[in-house]
Amino acid sequence: MSGSGFVASGFSTEIAAGTLYVVATPIGNLGDLSARAREVLSGVQLIAAEDTRHTRQLLQAFGIDTALTSLHEHNEMQKSETLITRLLAGESIALVSDAGTPLISDPGFDLVATARARGVSIVVVPGPCAAIAALSIAGLPTDRFAFEGFLPAKNAARVSRLRALASEARTMIFYEAPHRLLEVLRDMAAELGGERSASVSRELTKRFETTYTGTLAQLSEIAEKNADMSRGEIVIVVSGNPAETSTAQSLNADQLLRALLDELSPSQAAKVAAKLSGEKRGDLYARAMQLSGGKRDE
């Protein structure tokens, strides 16, 4: 996504009263904590953290001594109301997770949703996200993708979920626990197709960052033989169903041709559709003739 404006670097961040800041933190490399994130974490009255012990280490690395409170999956619903009360009283609060962008397979949804419903100002301080980082280096289509988070831990539920995703045309992104990687890759190969292209990224931005690419069948074999593949934080990226992608493109081409045929001859409609879609003009002309009932150009 492109834009025409930007804020020049070096501008200080003014912390607004009664504002909830959703702050992305490093997924491994401390150098990825932005200058703006540091200013916000230093300037707010309170930081709501998934694990205060983990976040305290991050803050200490940057000399930040802001007060911390815990906000995790087990206390979020009851804790959110307390934090909203403080926000409405004029305090500024930052929300962080252990790593990456809050709410992306991490706590924070109840707090943000409640804050939004209660009219609290919410500001995002963007930054690292393991899902997007893995997608950007997978070598798979990025124009459309689906983030699926963690698959069910139990085998039957996981297989059921994968079967439901078998027809998904978009590139899919998954988080996975190291000890389940091999069985998950085997299940993916069985349910999505062993020939499906994929990547497995581990320890992104850290010292032992590694990305393995190949088919799901090939990656399953690597995981079985290479113990290192199952060490650290893992992101799996899988290509979409090519048959579904082709079907979706055909449907879009038909919609485009039908609209053009209302005003243009089949050959003219095919010419315009080819420019807009990138598909072959000859194929589009043949389809335009079918849609127009065989009507020839006048």
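This note sets out, point by point, the main features of a predicted model.

1. **The sheet and its strand order.** In this predicted model, five strands form an open sheet in the order β6-β7-β10-β8-β9, and their pairing is mixed. The edges are held by β6 (145-150) and β9 (210-215), each of which has a single partner strand, so one side of each is left without a neighbour in the sheet. From one strand to the next, the twist averages 15°. Strands of a sheet pair through backbone hydrogen bonds, either parallel or antiparallel.

2. **Strand β10 and its partners.** On one flank, β10 pairs with β7 (residues 171-176) in the antiparallel sense, over five bridges. Within this pair, Glu176 stands opposite Ile234 of β10, and Met172 has Val238 of β10 as its bridge partner. Strand β10 is also joined to β8 by five bridges, and these two strands run antiparallel. Here Ala198 has Val238 as its bridge partner in β10, while Ser199 has Val237. Val238 is therefore a bridge partner of Met172 and of Ala198, as befits a strand placed between β7 and β8 in the order of the sheet.

3. **Burial of β10.** Strand β10 is mostly covered, with five of its five residues buried. The cover extends to both faces: Ile234, Ile236 and Val238 are buried on one side, and Val235 and Val237 are buried on the other.

4. **Strand β8 and the edge strand β9.** Strand β8 is likewise mostly covered, since five of its six residues are buried. Six bridges join β8 to β9, and the two strands run antiparallel. Ala198 takes part here too, with Gly214 as its bridge partner in β9. Ala198 thus has a bridge partner in β9 and another in β10, namely Val238.

5. **The loop after β8.** Glu203 lies in the loop between β8 and β9. Its phi is near 55°, a positive value in a residue other than glycine. Most residues other than glycine have a negative phi. Is Glu203 buried or exposed? Glu203 counts as buried because its relative accessible area is 15%, which is under the 20% limit.

6. **A second positive phi.** Leu103 also has a positive phi in a residue other than glycine, with a value near 80°. It is found in the loop between β4 (93-96) and α4 (109-117). With a relative accessible area of 29%, Leu103 is partly exposed.

7. **The loop after β10.** Ser239 is located in the loop between β10 (234-238) and α9 (242-261). Its relative accessible area is 12%, so Ser239 is buried. Which residues does Ser239 contact, leaving aside its neighbours within four places in sequence? They are Leu140, Arg170, Thr171, Met172, Arg196 and Ser197.

8. **Helix α7 on the sheet and against α8.** Helix α7 packs on the sheet, where it touches β7, β8 (197-202) and β10, and its direction makes about 10° with that of β10. Helix α7 (residues 181-192) also packs with α8 (residues 216-225), at an angle of about 160° and with the axes 9 Å apart. Because this angle is about 160°, α7 is roughly antiparallel to α8. The crossing of the two helices is left-handed. From α7, the contact is made by Leu182, Leu185, Arg186, Met188, Ala189 and Leu192; from α8, by Leu216, Ala217, Leu219, Ser220, Ala223 and Glu224. By class, the contact of α7 with α8 holds nine nonpolar residues, one polar and two charged.

9. **Helices α10 and α11.** Helix α10 (residues 266-277) packs with α11 (residues 281-291) at an angle of about 135°, and the axes are 8 Å apart. At this angle α10 is oblique to α11. The crossing of α10 and α11 is right-handed. Pro266, Ser267, Ala270, Lys271, Ala273, Ala274 and Ser277 of α10 meet Arg281, Leu284, Tyr285, Ala288 and Met289 of α11. The residues in the contact of α10 with α11 divide into eight nonpolar, two polar and two charged.

Terms used. Residues numbered from 1 in each chain as written. Predicted model: local features only at pLDDT ≥ 70, side-chain atom pairs only at ≥ 80, totals over all residues. Heavy atoms only, no water. Helix = DSSP H or I, 4+ residues; strand = E, 2+ residues; numbered from the N terminus. Buried < 20%, exposed > 50% of the residue type's maximum accessible area, 1.4 Å probe, protein only. Contact = heavy atoms within 4.5 Å. Axes fitted to C-alpha atoms, helices over the stretch in contact; angles between N-to-C directions. Parallel < 35°, antiparallel > 145°, perpendicular 65-115°, else oblique. Left-handed = near helix turned anticlockwise from the far one by under 90°. Nonpolar A, V, L, I, M, F, W, Y, C, P; charged D, E, K, R; others polar. Pairing = 2+ DSSP bridges.
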